[in-house]
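Colleague: Before I rely on the terms used for this protein, I should like to see each one justified.
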Amino acid sequence: MRVSSSWRWQLSRAMRLALCWCRLCRPQKRGRGWGFKPWVSGRSLELWSYSKLLLRSLYFNSLSNADTLLDCAFEPVYWIVDNVTRWFGVVFVCLVVLLTTSVVVIIYLFVLPTILRTYPLPWVVWHLCCGHWLLLMVVFHYYKATTTSPGHPPKDKVHIPTVSMCKKCITPKPPRTHHCSICNTCVLKMDHHCPWLNNCVGHFNHRYFLSFCLYMTLGCIYCSSSSKELFLEAYSAIERYYQTPPPPDAVQETTAYKSIIFLWVLTSSVAVALGGLTLWHIILISRGESSVERHINKKEIARLREKGKVFKNPYHHGTINNWKLLLGVEKRSHWFTRVLLPSSHLPNGNGIMPWRTPEPAVTVY
């Protein structure tokens, strides 16, 4: 099929086809007057066939398939989802801050005084150190994940290694770069768009995102396990409250019981949900894949398997090396200073050139 770059040619062509279709629908002259042939005749079949040919000539080409038609049909749905996610990102971030703050307030008002009053000194020191360390790591990594740009391909440089062109940005796409329809831009080493961060997860903030998920899960497990006894006591007290007559509990005690129940239910639910997501990302990182590449590699594995070949991920450098590249660990002390403590160091590489692990040194005698 001949394709023209001129919209005027396309418009005139469509008008010519429509005119031919109208001529077929025009009544035929018979003798003294005008009349229509019966629709049961072959002319109706000719009109139907030409109508199908007209529609196909306007949209069909050799690259069309079922996936293309489905994408076109669901394009309005995608547009609605992208815009809703973009506008509700701020709401999700405020919700995370609000829920986290509520948990911290309940811990300081009701859980921590109980620990200071009833626990022995070694356990008090451990709870104070562990709890504040987890809180510091959660706040730091969430702030960095939301405020750090994931990285975008440079638009002023032409000589960069590319694997394709972005059809929406009309710019070269370096390896592992994908277009985010919500942010409406290409992202270096894109993993996914996280509405809870109101930001894309890419090359420069992937470590912050994973650290936030990991430490938030650990923090929820810590809060849930630390308040388990208080939760059981509060639950029993609330059950007694619905008896007739209710026990003469003060308003402050009832508020404390309900707060403890809210704390335990919220942290337990988040620990299960976010723990599953964190485990999934841990598996992907160990394989040297992102969330987007997981779907692409899965299709590539099936395609090569039909040909009797084996797919090899070029970005898989071994489990330990994959984690070192993500966390920016270059020497042994970095496991403490860059992983167990807040650190804003940049990741290895620039996100444009694929990072390769250094070859082992060879001694020549």
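Modeller: The exchange below takes the terms in turn.

This is a predicted model, in which local features need pLDDT of at least 70 and side-chain atom pairs count only at pLDDT 80 or more, while totals for chains, interfaces and linings use all residues. Residues are numbered from 1 along each chain as its sequence is written, and side-chain values use heavy atoms, with hydrogens and water left out.

Colleague: What pLDDT does the protein average, and which elements have the lowest and the highest mean?

Modeller: pLDDT is the predictor's confidence in each residue, from 0 to 100. The protein averages 81, and 76% of the residues score at least 70. Among its elements, strand β2 (residues 33-35) has the lowest mean, 48, and helix α6 (residues 206-226) the highest, 96. Over residues 1-5 the pLDDT is below 50, and this stretch has 6 contacts beyond near neighbours in sequence; a contact means heavy atoms within 4.5 Å. Residues 357-365 are also below 50 in pLDDT, with 3 such contacts.

Colleague: What makes a stretch a helix or a strand, and how many of each has the protein?

Modeller: Both are DSSP runs, numbered from the N terminus: helices are H or I over at least four residues, strands E over at least two. The protein has 11 helices and 8 strands.

Colleague: Where does the "transmembrane region" annotation come from, and which residues does it cover?

Modeller: It comes from an unreviewed UniProt entry and covers residues 87-111, 123-143 and 261-285. UniProt positions are given in the numbering used here, feature names are shortened, and annotations may be inferred rather than shown by experiment. In the model, residues 87-111 are 100% helix and 0% strand, with end C-alpha atoms 36 Å apart. Residues 123-143 are likewise 100% helix and 0% strand, with end C-alpha atoms 30 Å apart.

Colleague: Why is Lys189 called partly exposed?

Modeller: Buried means under 20% relative accessible area, exposed over 50%, and partly exposed in between (1.4 Å probe, protein chains only). Lys189 has 23% relative accessibility and therefore counts as partly exposed. Its place is in the loop between β6 (185-187) and β7 (192-194). Asn198, in the loop between β7 and β8 (199-201), has 31% and so counts as partly exposed too.

Colleague: What is notable about the phi of Lys189 and of Asn198?

Modeller: Most residues other than glycine have a negative phi. Phi of Lys189 is near 45°, a positive value, and Asn198 has a positive phi of about 55°.

Colleague: Which residues of helix α10 are called buried?

Modeller: In α10 (residues 319-327) they are Asn322, Trp323, Leu325, Leu326 and Leu327. Just after α10, Gly328 takes a positive phi of about 75°. Of the 365 residues of the protein, 36% count as buried.

Colleague: What makes a set of residues a nonpolar core, and how many residues has the largest?

Modeller: A nonpolar core is a set of buried Ala, Val, Leu, Ile, Met, Phe, Trp, Tyr and Cys residues joined through side-chain atoms within 4.5 Å. The largest has 46 residues, and Val111, Leu197 and Ile260 have the most contacts inside it. Helices α4 (75-118), α5 (121-147), α6, α7 (228-241), α8 (251-286) and α10 each supply at least two of its residues. The largest share, 10 residues, comes from α6. Not counting residues up to four places away in sequence, Ile260 touches Ile106, Phe110, Val111, Ser227, Leu230, Phe231 and Ala234. Apart from this core lies another, of 5 residues, among them Cys180, Ile182, Val187 and Met190.
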